[in-house]
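Student: I would like to learn how to read a structure of this kind, going from the whole chain to its empty spaces and then to single residues. Could we go through it together?

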Amino acid sequence: MSLSLVGLGWVTPLGSTIEEVWRKLLAGASAQAGTLGDSLGEKSYRAFQVPPDAIAEAAKYPRLRRSSAISRFAVVAGLAALRDAGIEPNEQTAARTALIFAISNGGVIYTKRFFHEIIKSGAQAASPLLFPETVFNAPASHLAAILGITGASYTLVGDGAVGILALKMAEDLMANPELDRCLVVGAEEADWLLCDAYRKWRLLRAEPPLEPFARPAKGMILSEGAGAVVLARAGDLQLQRVHPGGNFARQRELVRQLDRIGREIKNGEAPDFVIASANGTFIDDAEREVCASHFPGAAVYTPKPALGESVAAGGIWQTICAAQALRRQELPPLLHAPGELGLTTARSPAPNKWRRAVVTTCGLNQQVAALSLVAR
């Protein structure tokens, strides 16, 4: 089925409006890392966090007053995408709208608080008000309630590729003629507990900058926020193909999976640029190889140095970057030159030069997926 991107919205460490963040990316800006510490003050980690003013809109929704940060990110991004699509949320539009929420780590802050209360004072002391925010579908529930969606609402759990897989699921849902659109949202929140886990897995670096394609890989910086897109059957940006990708049991299998995906999504038509998920970890070498093998003439950009690794939100952020680059016919510069990559970087091409983009996503928990986007 042919679907189009008709609305974009995001909440990022650089801000929350499409034009504001895109302007900063074009200028080569990078988010400022804050410090997250544990309750004992023994360890601290650096992460890119969303500034409070980026989600000020959430304050007018009473149901979000006690919600976790991830729910506020999701609601603000989702509403922005609907506004960008020219859709006014009401009973009629809600009845013909599906919602898919992509998530990886969930509401970690509330999960940690709920667990700590049980450990500290026993099960009877844990507040039942905290528990709903610990489940994976809490953000989707908040957003669906605010929009009035009572029908198709799903939460998809995965890793950094889950945003693209949610778009694939949207294709299946839109086979239902009673739906006019599908809102896909991916979101994450940053917490000390997450940073500690990724550090123990040897995936995190102590301080910025995040340096994609560096050899050896130096690690990533976690971030938080949300990305949202509205899919409909007609629009100027066609979702040409969403490749469901696959899983890899070992890191060395990732190259083989990406090679297959690159070959199949290219399908004889080279993209003008690739929005990669390179984030300073082992996935960079795999994306280096697929770009060199299947997209050698394409410009390559990754938003991770500017926005950090936002896991479930990352694939949606990449898709938004691809859509903006096709609409505006310009790409932000790489913040760190790839050196011996042999890949090109480009900015401000001639009008109407770029027509096709590819987005590749490699998760850290063995998922990989991709999509191609075409400007009509």
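**Reading the chain from the whole to the residue**

Tutor: Of the 376 residues in the chain, 58% count as buried. Please keep in mind that this is a predicted model, and that its secondary structure comes to 11 helices and 12 strands.

Student: What share of the contacts between residues at least 6 apart in sequence join residues at least 24 apart?

Tutor: Among those contacts the share is 78%. As for the surface, the chain exposes about 15,300 Å², of which carbon and sulfur atoms supply 50%.

Student: How should I look for empty space in a model?

Tutor: Rolling a probe the size of a water molecule over the atoms shows where empty space is left. In this structure there are three cavities of 30 Å³ or more, and the largest cavity has a volume of about 50 Å³.

Student: Which residues line the largest cavity, and how do they divide by class?

Tutor: The lining consists of Leu82, Ile87, Pro89, Thr93, Ala94, Thr97, Leu147, Ile149 and Arg181. By class, these divide into six nonpolar, two polar and one charged.

Student: What is the volume of the largest pocket, and which residues are closest to its centre?

Tutor: The largest pocket has a volume of about 200 Å³. Of the 15 residues that line the largest pocket, Ser104, Tyr198, Trp201, Leu364 and Asn365 are the closest to its centre. Helix α7 (residues 192-200) gives the largest share of this lining, with three residues, while domain 1 (3-232) and domain 2 (237-375) each contribute at least three residues. The classes in the pocket lining are eight nonpolar, five polar and two charged residues.

Student: Turning to single residues, is Gly225 buried or exposed?

Tutor: A residue is called buried when its relative accessible area is under 20%. Gly225 has a value of 0% and is therefore buried. Gly225 belongs to strand β7 (residues 225-232), and beyond its neighbours within four places in sequence it touches Val11, Val50, Phe73, Gly186, Ala187, Glu188, Ala313 and Trp317. The C-alpha atoms of Gly225 and Thr12 are separated by 4.9 Å, although the two residues are 213 residues apart along the chain.

Student: How does Asp84 read when I go through the same steps?

Tutor: Asp84 sits in helix α2 (residues 69-84), and with a relative accessible area of 38% it is partly exposed. Leaving aside the neighbours within four places in sequence, the contacts of Asp84 are Val6, Gly7, Leu8 and Arg327. The C-alpha atoms of Asp84 and Gly9 are 7.3 Å from each other, with their positions 75 residues apart along the chain.

Student: Where in the backbone should I look at the peptide bonds and at phi?

Tutor: For the peptide bonds, the one from Pro208 to Pro209 is cis, with omega near 10°, and a cis bond also joins Arg215 and Pro216, where omega is about 0°. Pro209 is found in the loop between α7 and β7, and Pro216 lies in the loop between α7 and β7 as well. For phi, Asn267 has a positive value near 50° in a residue other than glycine, and Gln366 has a positive value near 80°.

Student: Where do Asn267 and Gln366 lie, and how accessible are they?

Tutor: Asn267 lies in the loop between α8 (251-266) and β9 (273-275), and its relative accessible area of 65% makes it exposed. Gln366 lies in the loop between β11 (356-362) and β12 (367-375), where its relative accessibility of 34% counts as partly exposed.

Methods: Residues numbered from 1 in each chain as written. Predicted model: local features only at pLDDT ≥ 70, side-chain atom pairs only at ≥ 80, totals over all residues. Heavy atoms only, no water. 1 Å grid on protein atoms, 1.4 Å probe; cavity = no way out; pocket = protein on both sides within 12 Å on 5 of 7 lines; lining within 4 Å. Points joined across faces, edges and corners; volume = space filled by probe spheres on them. Nonpolar A, V, L, I, M, F, W, Y, C, P; charged D, E, K, R; others polar. Helix = DSSP H or I, 4+ residues; strand = E, 2+ residues; numbered from the N terminus. Buried < 20%, exposed > 50% of the residue type's maximum accessible area, 1.4 Å probe, protein only. Contact = heavy atoms within 4.5 Å. Domains from an automatic or database assignment. Areas by Shrake-Rupley, 256 points an atom, 1.4 Å probe, with all protein chains shown as cover.
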